[in-house]
Amino acid sequence: MAVPMIEAEDVVKSFTVRARSGALRRTRRRVRAVDGVSFTVERGEFVGYLGPNGAGKSTTIKMLTGILTASSGTLRVCGLDPSRRRTTLARRIGVVFGQRTTLWWDLPLRSSLALVRRLYRVEAAAHRARLAELTALLELEPFLDTPVRQLSLGQRMRGDLAAALLHDPELLVLDEPTIGLDVVSKATVRDFLERVNAERGTTILLTTHDLGDIERLCRRVMIIDHGRLAYDGGLDELRRTVDADRTLVVELARPAPPITLDGIEAERVEGPRQWLRLPNAANAAAVVAALARDHEVRDISLREAGIEEVLAGLYRGDHAYWCSGRPVAP
Ligand SMILES: Nc1ncnc2c1ncn2[C@@H]1O[C@H](COP(=O)(O)OP(=O)(O)O)[C@@H](O)[C@H]1O
Ligand SMILES: [Mg+2]
């Protein structure tokens, strides 16, 4: 059996935070930013890591990359303990933090990338070939000679991605790589990540707020909330299992009073158009058939709950679906 790319077992990270209580008193309090997280990521996977602000995503990533040491639990990345083998691991993984660049601010992008080669001790010929490939894929050519500080956010992110992948890492970890990017840059970054995963087989762990990133790229998602994994499984299963209602939009031949059907009632009426919310368990085909029998229907469309609504339900603390997908006990 091949060693998994990431293995986390009951990983905890607590911080001591000082809080003012009263005019002079200060109290110290331990906060569990990551509270007993276990998961495995196999080679070649593309996993989305989601959760509301402050859930513990960045803390997890900092532990995976050896920046922070776990308070307890075991963590292996490429079979190594990240905090003890940080330097060795750095040559095997790539990391991108959307909020902060790893490039040298005052140097042209080209020189920054040349320094990265030394840092990771990449052999010159291999570096040249890889740089040419990344330059083409990320369309870096027009700004290779521009100092990093003069790059737009989208250009800088493309530069950071190139820097993270120059040494051809086995694992790429991204913390909010599309934050603040314009639509075109976002599309470039997404296309690029998809290719890196599909063509080079690079394992990718992607933290993002952008659900478009997730829907486009990730087959599997892990959702963290208050430091605990709330879900680990397929995106489709998540959508199916969460009790996210679907909405039937019915266009009648003429305006009519609100429709009622087997306990389902129109929740909105606008002229001839009515919105019926279907509970998860309802059979849409049967409802449509009943509608057509009793009403003159011009058009019908079914709107599935988007991943956004699914997550909103999850973050609100509606935990019914925690025991589905690849479940994690709350
Ligand atoms: N260095 C730190 N010291 C104290 N608390 C921290 C520190 N880093 C993170 N936290 C806290 O841990 C929790 C998780 O933070 P973080 O991992 O950054 O969340 P996310 O990336 O999901 O938004 C938050 O409550 C945050 O305030
Ligand atoms: Mg974060």
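## Labels put to the test

Modeller: A polar contact of 3.0 Å joins the side chains of R149 and D106. This is a predicted model: local features need pLDDT of at least 70, side-chain atom pairs count only at pLDDT 80 or more, and totals for chains, interfaces and linings use all residues. Side-chain values use heavy atoms, with hydrogens and water left out; residues are numbered from 1 along each chain as its sequence is written, while chains are lettered from A and ligands numbered from 1 in the order in which they are written.

Biologist: What makes the R149 and D106 pair a polar contact?

Modeller: The term means a pair of N or O atoms within 3.5 Å; within protein, one must be able to donate a hydrogen and the other to accept it, and residues adjacent in sequence count only if both atoms are side-chain atoms. R149 and D106 are joined at 3.0 Å, so the pair is inside the limit.

Biologist: Why does R149 count as partly exposed?

Modeller: Buried means under 20% relative accessible area, exposed over 50%, and partly exposed in between (1.4 Å probe, protein chains only). R149 has 40% relative accessibility, so partly exposed is the class. R149 sits in the loop between α4 and α5. Neighbours within four places in sequence aside, its contacts (heavy atoms within 4.5 Å) are W105 and D106.

Biologist: How do you know that D160 is buried?

Modeller: Its relative accessible area is 2%. That is under the 20% cut-off, so D160 is buried. D160 belongs to helix α5. Its side chain makes a polar contact of 2.8 Å with the side chain of T101. Beyond four places in sequence, D160 touches V96, T101, T102 and L103.

Biologist: How do you know that the span of α4 agrees with its 15 residues?

Modeller: Helices (H or I, at least four residues) and strands (E, at least two) are DSSP runs, numbered from the N terminus. The expected span is 1.5 Å times one less than the number of residues. For α4 (residues 124-138) that gives 21 Å, and the end C-alpha atoms are 20 Å apart, so the two agree.

Biologist: Which residues of α4 are buried?

Modeller: H127, R130, L131, L134, T135 and L138 are. They cover an arc of only 135° around the axis, so they lie on the same side of α4. The arc is taken from the directions that run from the helix axis to the C-beta atoms. An α-helix has 3.6 residues a turn, so residues three or four places apart point the same way. The face turned away carries exposed R128 and A136.

Biologist: Against what do the buried residues of α4 pack?

Modeller: They pack against α3 (109-119), α5 (153-165) and α6 (183-200). Just after α4, E139 has a positive phi of about 50°.

Biologist: Which residues of α3 are buried?

Modeller: L109, S112, L113 and V116. Their arc is only 95° around the axis, which puts them on the same side of α3. Those buried residues pack against α4 and α5. R121 follows α3, with a positive phi near 50°.

Biologist: What makes β8 mostly covered?

Modeller: Six of its six residues (220-225) are buried. R220, M222 and I224 lie on one side, V221, I223 and D225 on the other.

Biologist: How do you know that β8 pairs with β9?

Modeller: Two strands pair if DSSP finds at least two bridges between them. Six bridges join β8 to β9 (residues 228-234), so the condition is met, in the antiparallel sense. I223 has Y231 as its bridge partner in β9. The two strands form a hairpin with two residues between them, and H226 in the turn has a positive phi of about 50°. Strand β3 (residues 46-50) runs parallel to β8, joined by four bridges.

Biologist: What is the order of the open sheet of five strands?

Modeller: β11-β12-β13-β10-β14, with antiparallel pairing.

Biologist: What makes β11 and β14 the edge strands?

Modeller: Each pairs on one side only; β11 spans 260-261 and β14 spans 297-303. β11 joins β12 (residues 264-270) over two bridges, so the pair just meets the minimum. T260 stands opposite E265 in β12.
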